[in-house]
Amino acid sequence: MSSVVVKPQQSRVISWLLYIQSIALFGYFSLNMLPHFIRKIGAQVHPIFVISDEVASILIASCLFVTARGIRLRRRRAWNLATSLQSILIVTSLIRSAHLFFRGHENSHIFFKTLGVTHLLSEIIILALLLRYKVLFITVTDPDSRRQSLLFFLRTSFLTILLGLLIVYFDARSFVTPVGFSQAFEITLKGLVGITGPTAFVSVHLQERLEFFLGGLGFLLMVSSLIKFLKPTFIKTQLSNKNAVLLRELLEQDQNADSLSYFALRENKSVVWSKNMKAAIPYSVVSGVIITTGDPIGDRESWPAAMKTFLEVGELHAWIPAIYGCSETAGEIWVRESGLNALEIGDEAVIDVAAFNLEGSQMKNVRQTINRINRLGYSAHSSTLGEISESFRVELTQALQSWQRSGSERGFSMALGRFCDPQDSEAVITWAQHGVQIMAVLQFVPWGKKSLSLDVMRRSPSSETGVNELMVAQTVSFAAERGYREISLNFASFRSIFERGKKLGAGPITRISHKFLVFLSRFFQMESLYRFNSKFQPEWRPRFVIFPGVGNLLKVGFAILKIEAFIPELKLPFRRKRSAL
């Protein structure tokens with residue numbers, strides 16, 4: 001199954017050849033100086049041919065450079081574009097060669113020695129490779145993204161032409177004779193593709209300045225449109241009603257469900273299934289990365305089949321696969337079945353309900369905190385969501401919304417994205433009161449048959465410190481009464497480094513890593529979550545991120561930070577909402 005993940009070497013080789021070819025074309029056809037052979041025979045070749053040949057080569061070199069990455073990712077659009085460009089290069093090379101050969105120019109050998117044969121052979125070789133390995137380029141595109149690319153090109157072209165037209169029309173000092181609107185329009189259009197307009201300039205300096213400006217605008221238009229055209233397929237993931245029903249049935253049957261399994265019911269996740277429909281993997285797509293969180297759901301014997309489907313979906317759309325926060329058991333299966341790499345990123349804090357006890361020296365700080373908060377008049381209560389009246393659910397929801405800070409709500413892998421929703425009737429709600437006023441709330445979702453997983457933890461800004469400890473202790477007490485076995489708390493990123501960083505004998509690398517993570521904790525609250533979790537003496541269970549290779553780790557990390565809302569989503573003005581597929 002590793003062939004599903006590892007990109008064939010041929011696409012990478014073709015990609016590097018395109019990079020080299022584009023750089024070579026940039027070197028031979030520069031905007032500042034005509035190449036050696038054109039300078040020598042330029043007097044014998046029609047000027048329009050020379051200029052058009054140079055401009056076309058520069059544009060094609062730019063396109064090839066942008067297209068090379070798409071070739072490495074095996075995108076079908078990139079293959080179509082690269083094949084067309086190579087064909088154009090070969091045709092122009094043959095025309096140029098025929099022009100020189102049949103004219104019998106004495107310096108025609110310069111062309112064959114310096115540029116013609118080398119470039120023509122490389123163009124033919126690359127085109128042959130593209131045609132030979134056409135079957136590798138299987139990524140699909142959707143009609144909506146084609147329409148978006150076309151609209152982007154049209155909008156950008158309009159703005160580019162408008163800007164160029166304004167510059168030309170109001171730059172009267174650069175021309176010998178006054179320029180009318182129609183002439184300014186013609187100069188702008190020709191300038192965007194690197195051709196001099198019909199009007200004479202006052203000086204060469206002013207002509208070059210305007211031509212470079214218009215040529216730069218045309219270059220930016222071309223490159224930005226091409227990048228937009230080659231972007232991965234965008235899919236706004238959304239959980240369908242059918243998948244939601246099937247997932248709930250699967251969760252009810254799964255006796256060994258992962259603590260993150262219920263979060264598969266988030267509304268912004270899609271699902272892939274094994275062929276026998278006994279295992280499922282929820283996923284979302286962020287910045288060209290297809291991400292699943294936690295372990296696959298369902299029969300473990302069917303996990304490999306679901307994993308294969310997940311990887312095939314990623315390959316079909318040129319998405320980088322990533323698995324965030326899976327358990328050690330699932331991580332071993334992912335690595336074995338797919339050849340992906342694994343990296344431990346932290347630990348999940350799990351409380352054993354039967355073994356939890358506030359007595360003893362290790363729980364002294366928690367016990368003292370709870371006693372203090374009780375003396376201040378705070379109390380905590382727990383109930384399943386199905387047992388709470390509708391009016392009180394509304395009251396809890398309103399209180400929660402009033403405490404919400406501005407900005408995006410953080411959390412994805414261990415967050416359901418909704419609160420007190422009737423469809424989650426088995427969820428457990430714990431709330432703290434000061435008198436009759438609600439001051440803090442916890443929501444736990446079911447984990448398997450007899451366990452709970454923390455979903456929401458929020459409190460009023462005016463609440464006293466220690467209210468969360470009170471609610472956790474109350475939840476454990478409630479869970480013991482109802483027969484729950486385990487409670488999963490927050491995920492502690494890089495827990496082992498925080499734990500060992502200040503210990504005697506910690507190595508220099510561990511100490512440096514600890515200092516760096518302490519600095520990051522000012523922004524991401526990693527250390528504070530670890531300290532809070534460790535108060536309850538939980539069992540620490542390692543969690544892993546699975547990714548294709550070191551070269552993709554930065555992109556995967558960015559996608560994880562973005563999906564967890566640590567990196568805010570930029571909302572551009574007048575940006576149209578894209579529909580889900």
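This is a guided tour of one protein chain, moving from the whole chain to single residues and pairs of side chains.

**The whole chain**

Begin with everything in view, and keep in mind throughout that this is a predicted model. If you colour the chain by secondary structure, you will find 18 helices and 12 strands. Of the 581 residues in the chain, 48% count as buried, and the surface that the chain exposes comes to about 29,600 Å², with carbon and sulfur atoms supplying 59% of it. When contacts between residues at least 6 apart in sequence are considered, 75% of them join residues at least 24 apart.

**A nonpolar patch on the surface**

Next, select Phe158, Leu159, Leu162, Leu166, Tyr169, Phe170, Phe181, Phe185 and Leu189, and show their side chains, since together they make a nonpolar surface patch of about 940 Å². Which helix gives the most to this patch? It is H6, with five residues. Helix H6 spans 143-169 and helix H7 spans 181-192, and each of these helices supplies at least two residues of the patch. Now pick out phenylalanine 170, which lies in the loop between H6 and H7 and is exposed, with a relative accessible area of 64%.

**A pair of strands**

Move on to strand S7, residues 378-384, which is mostly covered, as five of its seven residues are buried. Add strand S8, residues 428-434, to the selection, and you will see that S7 and S8 run antiparallel and are joined by seven bridges. To look at one pairing, select histidine 381 together with tryptophan 431 in S8, which is its bridge partner. While the strands are on screen, a general point may help you read them: in a regular strand, the side chains alternate between the two faces of the sheet.

**A buried serine**

Now select strand S11, residues 486-493, and find serine 488 within it. Is serine 488 buried or exposed? Serine 488 has a relative accessibility of 0% and therefore counts as buried. If you leave aside its neighbours within four places in sequence and show the residues in contact with serine 488, you will find Ser259, Glu348, Ala349, Val350, Met414, Trp447, Leu452, Ser453 and Leu454.

**A buried arginine without a salt bridge**

The following stop is arginine 393, placed in helix H13, residues 390-403. This arginine 393 is buried yet has no salt bridge, and the nearest side chain of opposite charge, that of glutamate 390, is 4.9 Å away. A salt bridge is counted only within 4 Å, so a pair at a greater distance is left out. Beyond its neighbours within four places in sequence, arginine 393 is in contact with Leu385, Ile388, Cys420 and Pro422.

**Salt bridges across the chain**

The last part of the tour follows charged side chains. Side chains of opposite charge can pair when their charged atoms come close. How many salt bridges does the structure hold? There are 10.

Select arginine 74 and glutamate 315, whose side chains meet in a salt bridge of 2.5 Å, taken from N to O. Arginine 74 lies in the loop between helix H3 (47-72) and helix H4 (76-103), while glutamate 315 lies in helix H10 (residues 303-316), so this pair ties together parts that are 241 residues apart in sequence. Arginine 74 counts as buried at 6% relative accessibility, and glutamate 315 is also buried, with a relative accessible area of 13%.

Continue to arginine 482 and glutamate 387, which meet in a salt bridge of 3.3 Å, again from N to O. Because arginine 482 lies in helix H14 (residues 467-482) and glutamate 387 in the loop between S7 and H13, the pair ties together parts that are 95 residues apart in sequence. Arginine 482 is partly exposed, with a relative accessible area of 35%, and glutamate 387 is partly exposed as well, at 48%.

Then select lysine 535 and glutamate 469, which form a salt bridge with the closest N and O atoms 2.6 Å apart. Lysine 535 lies in the loop between helix H17 (526-534) and strand S12 (539-547), and glutamate 469 lies in helix H14, so the pair ties together parts that are 66 residues apart in sequence. Lysine 535 is partly exposed, with a relative accessible area of 33%, whereas glutamate 469 counts as buried at 6%.

Finish by selecting Arg248, Arg418 and Asp424, which are linked in a network of salt bridges.

Terms used: Residues numbered from 1 in each chain as written. Predicted model: local features only at pLDDT ≥ 70, side-chain atom pairs only at ≥ 80, totals over all residues. Heavy atoms only, no water. Patch = residues over 30% accessible without salt bridge, like charges linked within 9 Å, V, L, I, M, F, W, Y side chains within 5 Å. Areas by Shrake-Rupley, 256 points an atom, 1.4 Å probe, with all protein chains shown as cover. Helix = DSSP H or I, 4+ residues; strand = E, 2+ residues; numbered from the N terminus. Buried < 20%, exposed > 50% of the residue type's maximum accessible area, 1.4 Å probe, protein only. Pairing = 2+ DSSP bridges. Contact = heavy atoms within 4.5 Å. Lys, Arg positive; Asp, Glu negative; His and termini not counted.
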